[in-house]
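Me: I would like to go through this protein with you and ask, each time a label is used, what the label rests on.

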Amino acid sequence: MLPTELVKLPVLMQRTSGSPEVRIGLIDGPVFTQHADLVQGQLMEIGGRNKASCTQTDSGACLHGTFVAGILAARRTSSAPAICPNCTLLIRPIFSEATFGREHMPSAMPQELATAIFDCINAGARVINLSLALARPSTRGEKVLDEAFTQALKQGVLIVAAAGNQGTLGGSVITRHPWVIPVVACDLRGRPINESNLGGSIGMRGLSAPGENITSLGSGGQAITLSGTSMAVPFVTGAIALLWSEFPDATVAQIKLAIMRQPQTFRQGSFMQGGFLSTRSYGPRRASIVPPLLDAEAAYQMLSAMSTRRQTA
């Protein structure tokens, strides 16, 4: 079984390769944009003190950024999952090639991450991919980051983030924020891998996606295989981008309801603001620390039903 088959992406991928109007914010390492499987893609470099293109193709930062970019935006004939090659990928580098190690779960300072999120929002991102963790969180840094997430909420920009690879029970300032969709890495049987973090907020508001032995683009031109929650995040991000490409008139609330497989009913006390859901809880609460598996086809069917109801209303 292919990773895309586990989360029922192939049928949606046959329907669309994505729309350039749907912009994905990739906050990660620089990307080897000269890779043969990326060079024809819809790639756009945006701000940041680190260069968006690799200067050292053997650096860990370049490897990580290129790998995640391949899952999202490589051409469909590549060895990568290549979920939405026709969507616009906004490359916002946050990891320095000079200081990034070989770890598969990179970390960023809260203030730097908040700035990168604002840059992606200002560049028109509809969904932002965070295959990273926080380094040295502080009260001040967490406040700034919380402001960035709140701005994403106000602007209707979805945030998809890695649950983390420490194999612990708990969460972080990222995964605990009500607007963030945390992603757990699972194997091809749908079971969480040992390294993936789990927790109450992760189980309640998150999803599981393939994260074991994922093959994508290497920064040296070759294909490589990696595991971890960093690799699982772009499956959810890519599915969201394809759904928005197929249903361009869908609100952010409808996209999030569909991807989370929540019925369009709300508990007392939840409400809508400006076309998107508030940060208050909605839909039935989940009790498990393990989130459900992404089901891209079920999300498509839910959005299709919503679209039919709008047209016949």
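Reply: What follows takes the labels in turn and sets each value against its definition.

Me: Before that, what kind of model is this, and how are its residues numbered?

Reply: This is a predicted model, in which local features need pLDDT of at least 70, side-chain atom pairs count only at pLDDT 80 or more, and totals for chains, interfaces and linings use all residues. Residues are numbered from 1 along each chain as its sequence is written, and side-chain values use heavy atoms, with hydrogens and water left out.

Me: What makes a stretch a helix or a strand, and how many of each are there?

Reply: Helices (H or I, at least four residues) and strands (E, at least two) are DSSP runs, numbered from the N terminus. By that rule the protein chain has nine helices and 13 strands.

Me: Why is helix H8 described as mostly covered?

Reply: A residue is buried under 20% relative accessible area, exposed over 50%, and partly exposed in between, with a 1.4 Å probe and protein chains only. In H8, which spans residues 252-259, eight of the eight residues are buried, among them Val 252, Gln 254 and Lys 256. For the protein chain as a whole, 58% of the 313 residues are buried.

Me: How do you know that Cys 84 and Cys 87 are not joined by a disulfide?

Reply: A disulfide is a covalent bond between the sulfur atoms of two cysteines, and here the label requires a pair of cysteine sulfur atoms within 2.5 Å. The closest cysteine sulfur to that of Cys 84 belongs to Cys 87, and because the distance is 4.0 Å, it is too far for a bond. A search of the whole structure accordingly finds zero disulfides. Cys 84 is buried at 1% relative accessibility, and Cys 87 is buried with a relative accessible area of 1%.

Me: What makes the strands E7 and E8 a pair?

Reply: Two strands pair if DSSP finds at least two bridges between them. Strand E7 (residues 158-162) and strand E8 (residues 180-186) are linked by four bridges in the parallel sense, so they meet the requirement of at least two. One of the bridges joins Ile 159 to Val 180 in E8.

Me: Which strands make up the open sheet, and why are E2 and E9 called its edges?

Reply: The open sheet has seven strands in the order E2-E3-E1-E5-E7-E8-E9, with parallel pairing. Strand E2 (42-45) and strand E9 (207-210) each have a single partner strand, so one side of each is left without a neighbour in the sheet. Neighbouring strands are turned by 30° against each other on average, direction ignored.

Me: What does helix H3 touch in this sheet?

Reply: Contact means heavy atoms within 4.5 Å. Helix H3 (residues 60-73) packs on the sheet and touches strand E1 (23-28), strand E3 (88-93) and strand E5 (127-130), its direction making about 160° with that of E1. Such angles run from 0 to 180 degrees between N-to-C directions, with axes fitted to C-alpha atoms, for helices over the stretch in contact.

Me: Why is the aromatic pair of Phe 247 and Tyr 300 called tilted?

Reply: Rings of Phe, Tyr and Trp (its six-membered ring) pair if their centres lie within 6.5 Å, and planes under 30 degrees apart count as stacked, over 60 as edge-to-face and the rest as tilted. The count comes to one aromatic pair. Phe 247 and Tyr 300 are 5.2 Å apart centre to centre, with 50° between the planes, and the pair is tilted. Phe 247 is in the loop between helix H7 (229-246) and H8, while Tyr 300 is in helix H9 (residues 296-312), 53 residues apart.

Me: What makes the phi of Lys 8 worth pointing out?

Reply: Most residues other than glycine have a negative phi. Lys 8 has a positive phi of about 55° although it is not a glycine, and its place is the loop between helix H1 (3-6) and helix H2 (10-15). Ala 82, in the loop between H3 and E3, also has a positive phi, near 50°.

Me: Are those two residues buried or partly exposed?

Reply: Lys 8 counts as partly exposed at 44% relative accessibility, whereas Ala 82 is buried, with a relative accessible area of 0%.
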